Amino acid sequence: MSDRAIGVTHEEARSGGRRDALTDVEGLRVGHARVPGEGALSGTTVVLAPEGGAVAAVDVRGGGPGTRETDALDPRNLVQRIDAVVLTGGSAYGLDAAGGVMAWLEERGRGVPVGGPGQVVPVVPAACLFDLGRGGDWRARPDASTGRAAVEDAARGEVGGPVATGSVGAGTGAVVGGLKGGVGTAGVHLEGSGITVAALVIVNAVGSAVDPLTGVPYGSGGTVPRPAPEVHSAAVRRLAEASAARAACGPSPLNTTLAVVGTDADLTRAQAQKLAGTAHDGIARAVRPAHLLNDGDTVFTLATGAVPLSAGNPLALNEVLAAGADLVAKAIVQAVLAAGGVSGPAGVFPSYRELYDIN
């Protein structure tokens, strides 16, 4: 089992110009950066909005969140649109990554105008997950330079391009229920309304993403075949052995699942906040239990506003709300399937593919 981060793109999933990824929402781009060094197992992921920003909202359900600038997203407050969202490892220390993104945006004049030309204050909401010490070095965590590297990676990406998933960016050190977690993404085009909805998730949860009785990911909806009984039994034994090995290394790590749900629908900030809230249902479907005191589960919404909701229909938002929850669950499964296992001073975290011998 390698301790090298593994990234998997959705190139094989592309159909009709779509990637089954957050970048299906035109204008949204995703970038990753990893903390360098042998003892590091952490990183940062940035979702970059198009020029002019996007309507944003947030909903926090976990009992142990670490966030920055989330109050600015309250529909009652001043800021209307933002340019980037930061998802980062490193617990509260890692929130410094947002400073690097903020500086990059300021250099380009992107942010809330507060004076003369070039005088802006970029509002960069951020949320962190706990992965401290998983690579062995407690102090190997994201900082402003990691955030800058991640936003530069996003800016280099093509519009509508693939998104690297698995053990990359903020998912570098993520784990879920003893398995390696990471970055997952999914998207859908709603034919009736013409609206696109997509999600990007960093799954790093106290709970499990896999049914212990069957070995099938909870959120897969039948898309992942049930392993043969003997394969599942062997996987359960290997997972128990890994758990025992980690227990010898120290206390259980803390966790958190983070997500960004994007859409090209023209949403008000209140509607965007409703979407962030219902998207949490996807976490609860795919991770059990969810939203515990030592989780910091946080979902952001970004709405670019390119496609209007159906005029005169107060329930037109329902289709978008339902899609958001479905896609978060799907993205969590995709993260688990894309992740690569790691081993190091903090213990062994096998991947789902390794346990069930999936190529």
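**Briefing: the overall fold and the setting of Gly187**

With 359 residues, the protein chain would be expected to have a radius of gyration near 21 Å if it were a compact globule, and its value of 19 Å agrees with that expectation. The structure is a predicted model, and its C-alpha atoms fill a box of roughly 60 × 45 × 35 Å along the principal axes. The points below turn from the chain as a whole to one glycine.

**Architecture and contacts**

- The protein chain contains 6 helices and 19 strands.
- Among the contacts in the protein chain with a separation of 6 or more, 78% are made by residues that lie 24 or more positions apart.

**Burial, surface and charge**

- Of the 359 residues in the protein chain, 55% are buried, while the accessible surface comes to about 14,200 Å², with 52% of that area belonging to carbon and sulfur atoms.
- The protein chain carries 28 positive and 35 negative charges, and the mean positions of these two sets are 2 Å apart.

**The surroundings of Gly187**

- Gly187 is found in strand S14, which covers residues 182-190, and this glycine counts as buried because its relative accessibility is 13%, where the cut-off for burial is under 20%.
- Once neighbours within four places in sequence are left aside, Gly187 is in contact with Asp20, Ala21, Asp24, Val197, Ala198 and Leu327.
- Gly187 and Thr23 are separated by 164 residues in sequence, and their C-alpha atoms are 8.2 Å apart in space.

Technical notes: Residues are numbered from 1 along each chain as its sequence is written. This is a predicted model: local features need pLDDT of at least 70, side-chain atom pairs count only at pLDDT 80 or more; totals for chains, interfaces and linings use all residues. Side-chain values use heavy atoms; hydrogens and water are left out. Helices (H or I, at least four residues) and strands (E, at least two) are DSSP runs, numbered from the N terminus. The radius of gyration is taken over C-alpha atoms; the globule rule is 2.2 Å times the number of residues to the power 0.38. Buried means under 20% relative accessible area, exposed over 50%, partly exposed in between (1.4 Å probe, protein chains only). Contact means heavy atoms within 4.5 Å. Accessible areas come from the Shrake-Rupley method with a 1.4 Å probe; for residues, only the protein chains shown count as cover. Lys and Arg count as positive and Asp and Glu as negative; His and the chain ends are not counted. The place of a charge is taken as NZ of Lys, CZ of Arg, CG of Asp or CD of Glu.
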